[in-house]
Every structure is written in structure tokens, then in C-alpha cells.
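Subject: Handover of a structure and its findings

Dear colleague,

Please find below the structure that I am handing over to you. My findings follow it, arranged by topic.

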Amino acid sequence: DNVIEMSVETCRQIGFKSANTEFQYIFDKATEFALFKTYGIPSISSLLCATQQLTHDDFLGKRVEDTGIIINEFHRYPLNSERSSKSIARMNWMHARYGSKISNDDLLYTLSLFVLEPPRWLERFEWRELDPLEKYCNFTTWKEIGIRMGIQNIPNSFEALEEWSVAYEEKFMKYSTHNEKLGEASLALFSSNAPKFLQSFARKVSITVMPERLKRALGLKDPPSWIFLLVEAVLWTRKKFIRHLCLPRGDSLSTFSVDSSHKGAHNKTVMYFQPYYMKNTLFNRFYYGLMGYDLNDPKWESERGYVIEELGPKSLRNEGVEKTVKMAEELSKLDIPTCPFSTISKQMNQKKN
């Protein structure tokens, strides 16, 4: 009841609950799009192209799955927990390898998209938008994650962050060949699970949800107008169907991982685009086999699963593990701030009075 006394951990719980119970599918897609949108910034795309992790077919799928795991780990578990701390520490270790090649502003812009894109997508495509409390919970959680990443000069409110992010896009989101290369590789991945005769159509569907500036920065052409109208109609129908004909959801729709038989490892229960780390069960072999994946192939690491402190390119699996664990121990000892809601608290208290 007393908003001003809420802690960041309470904010994380509220944000995670609303994202997973109220609108899991669109929230997940918005988070995926937030990462994709960074490819429109040449300073980001040039570095990512240099690593080849997001342009080479042998690396791209795993990189996307690993990124999704890291984000899920620090959103599903308390920020000072072992799993959350390890995921942030592993991310920090991987970023530290590039030193000054990653600017603070590029990190801040990426952070801003994880705050801003979900509310934008929910307002456009879901049965309801985030209320002020949920919006500020998401902002507060990501701000604390940003602090633990060492990002400087994070604005103190959702509105200030949005203003900064929009100005950054206007100044730096320009076309480059690196942007285009990343965009084409990712669009191919997005459509890869569709039947071959529908992959071109799926690619065009993905483009319809992009803002104009991003399309120009990636060198993408507009799909036919009928595809845009079809996508809008389908998503509008879905929105109205859920709002008026579906019962309330009582709990999170799914778990994300289960313990693996390998000590300290976990198997995923949710796939983004490729079945890395999915548990090798009879059902999964049948289900993913229909998509053309063989979970018996060691490539997917189904038997072992993932270990948080080893996430990243396979060539780096055994590197930085001890440093990651040590950093995680330090992160787990940080204080969890309270009273993050100075602005919204005043607004809500004024309404009460």
C-alpha cells in the first residue's frame, strides 16, 4: 500500500509477475526487438560484426539463446541471489573483454530499450498497457541492473530516460553496411522456423513492426501495404479476443529452466529460435524434430544444459569462470536500494489527498 517504501526487489517481482502472467508473448517479443534495435547504431553494429557472433550461422543462434538466458536469470531470481548475480557477472565479464570499444552511451542506449520497448509494444499490440506502477517497476529494476553493470549517468526517471534515448537515436541511428549485415542475419534467424515456402513472408512480417528510422538504418525496404494491414488486423483481433473473451491468468505461464543431471547446469524449457540446452525428452525430440532439429546432436547441448558462469561463445566456455564467480559473490553482497519511487510516489499521494 505504501509505494514509497517499496524496494527494488519488490519492483523486480512486480515487473516479472506482470510480464509473465499478463502478456508473456508480446513482452518477450518486445525484449527480443529491443536487442535487435541496437543493430541500427553503427558504433554497436561494427563491434558486433567484428566478433562474428551475430553474423555467422554457426554462432548466431547460440548467442541469441545465451542472451535470453542471462536476461531471464536476473529477472526471475532476486538480484542478490546466486543465479542472478552470476548472470550479471558473466555479462560484465564478456563486456569487459572489449574494454573501451564499448562506450558508456551505447550500453546506456541498449539498457534504455529494455525499459522502453515493452511498454511501447504492449500499448500497440496487447489487451492493455502497463499501468504507471508496472512501468516504473520495470524502469527501477533495469536501472539497478545498469548500476551493477557499471553504466554511468543513468537518468533518474522513465521519462528522462525516454527523452535521452530518443535524442540518441535521432543523432546516431544511421545506415551502415554493418547494420544491414546484422539485420539480414537476424531476420533470417527470425524466419528460420517457418516452412521454407513461408520464410520470405515471415521476414516481411518482421519488418512491418519496425519504425521507419530503424528500417532506413538497416537498409530495409517496406513490405507491401497489404502485409502491414494483415499484421495489424491479426494483432488487433488477438488484442480484443484476449481482453473480452479470455479468463484471467492465475500464474506464470511456464518455467524457464529445470536442473540438469550435470552438476550446476540447467536445461531450458523455453526456446527462442533454436533448441540449445533443451532437455532431451521423448516429447521434445518429437516436437523439435518436426522443426528439423535433432536433439541427439551434441551441438544443442541437450544432455549437459547450460552453466551460467560458462555462457558465451564455445571458445570462451572455460575462460573467465573464476572471475565470473568472484564478481558474482561481490554483486550478491550489494545493498538493495529502497524508496525508488520519488516521482510516482508524490503523484499517487497527491491523488489520495
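Contact, in what follows, means heavy atoms within 4.5 Å. Please also note that this is a predicted model.

**Ser176 and its surroundings**

With that meaning of contact, Ser176 touches Pro42, Ser45 and Ala217, leaving aside residues up to four places away in sequence. Ser176 itself is found in the loop between α8 (158-172) and α9. Its relative accessibility is 12%, and because buried means under 20%, Ser176 counts as buried. As a reference for distance, Ser176 and Asn20 are 156 residues apart in sequence, and their C-alpha atoms are 36 Å apart in space.

**Helix α9 and its two partners**

Two of the residues touched by Ser176, Pro42 and Ser45, also appear in the contact between α3 and α9. The axes of these two helices come within 8 Å and cross at roughly 65°, and α3 passes α9 in a left-handed crossing. From α3, the contact is made by Pro42, Ser45, Ser46, Leu48 and Cys49, and from α9 by His178, Asn179, Lys181 and Leu182. By class, the residues of this contact divide into four nonpolar, four polar and one charged.

Helix α9 (residues 177-190) also packs against helix α10 (residues 199-208), with axes that come within 9 Å and cross at roughly 120°. Here α9 passes α10 in a right-handed crossing. On the α9 side the residues are Glu184, Leu187 and Phe190, and they meet Arg203, Ser206 and Ile207 in α10. The residues of this contact comprise three nonpolar, one polar and two charged.

**Cavities**

How many cavities of 30 Å³ or more does a search of the whole structure find? The search finds three.

The largest cavity has a volume of about 750 Å³. Its lining consists of 34 residues, and those nearest its centre are Leu35, Leu48, Arg63, His95 and Thr110. The elements that give two or more residues to this lining are α3 (42-51), α4 (57-76), α5 (82-96) and α6 (104-125). Helix α4 provides the largest share, seven residues. In terms of class, the lining of the largest cavity has 21 nonpolar, eight polar and five charged residues. Leu48 thus has two roles in this account: Leu48 belongs to the contact of α3 with α9, and Leu48 is also among the residues nearest the centre of the largest cavity.

The second largest cavity holds about 50 Å³ of space. The residues that line this cavity are Lys62, Tyr277, Glu301, Arg304, Gly305, Tyr306, Val307, Glu310, Leu311, Gly312 and Arg317. By class, its lining has four nonpolar, two polar and five charged residues.

**The second largest pocket**

Among the pockets, the second largest contains about 200 Å³ of space. It is lined by 13 residues, of which Asp57, Ala188, Leu189, Ser192 and Gln274 lie nearest its centre. Helices α4 and α9 each supply at least two residues of the lining. The lining of this pocket divides into seven nonpolar, four polar and two charged residues.

**Two further residues**

Is Ser84 buried or exposed? Ser84 is buried, because its relative accessible area is 0%. The residue is placed in helix α5, one of the elements that give two or more residues to the lining of the largest cavity. Leaving aside residues up to four places away in sequence, Ser84 touches Glu73, Phe74, Tyr77, Pro78 and Leu79. Ser84 and Ala185 are 101 residues apart in sequence and 30 Å apart in space, C-alpha to C-alpha.

Lys333 lies in the loop between α14 (321-331) and α15 (342-352). Its relative accessible area is 68%, so Lys333 is exposed. Which distance separates the C-alpha atoms of Lys333 and Asn80? These atoms are separated by 6.8 Å, while the two residues are 253 residues apart along the chain.

Yours sincerely

Conventions
Residues are numbered from 1 along each chain as its sequence is written. This is a predicted model: local features need pLDDT of at least 70, side-chain atom pairs count only at pLDDT 80 or more; totals for chains, interfaces and linings use all residues. Side-chain values use heavy atoms; hydrogens and water are left out. Axes are lines fitted to C-alpha atoms, for helices over the stretch in contact, and angles run from 0 to 180 degrees between N-to-C directions. Helices (H or I, at least four residues) and strands (E, at least two) are DSSP runs, numbered from the N terminus. A crossing is left-handed if the near helix is turned anticlockwise from the far one by less than a right angle, and right-handed if clockwise. Ala, Val, Leu, Ile, Met, Phe, Trp, Tyr, Cys and Pro count as nonpolar, Asp, Glu, Lys and Arg as charged, and the others, Gly among them, as polar. On a 1 Å grid over the protein atoms alone, a cavity is a set of points where a 1.4 Å probe fits but cannot get out, and a pocket is an open set with protein on both sides within 12 Å along at least five of seven lines; lining residues have an atom within 4 Å of a point. Grid points are joined across faces, edges and corners, and a volume is the space filled by probe spheres set on the points. Buried means under 20% relative accessible area, exposed over 50%, partly exposed in between (1.4 Å probe, protein chains only).
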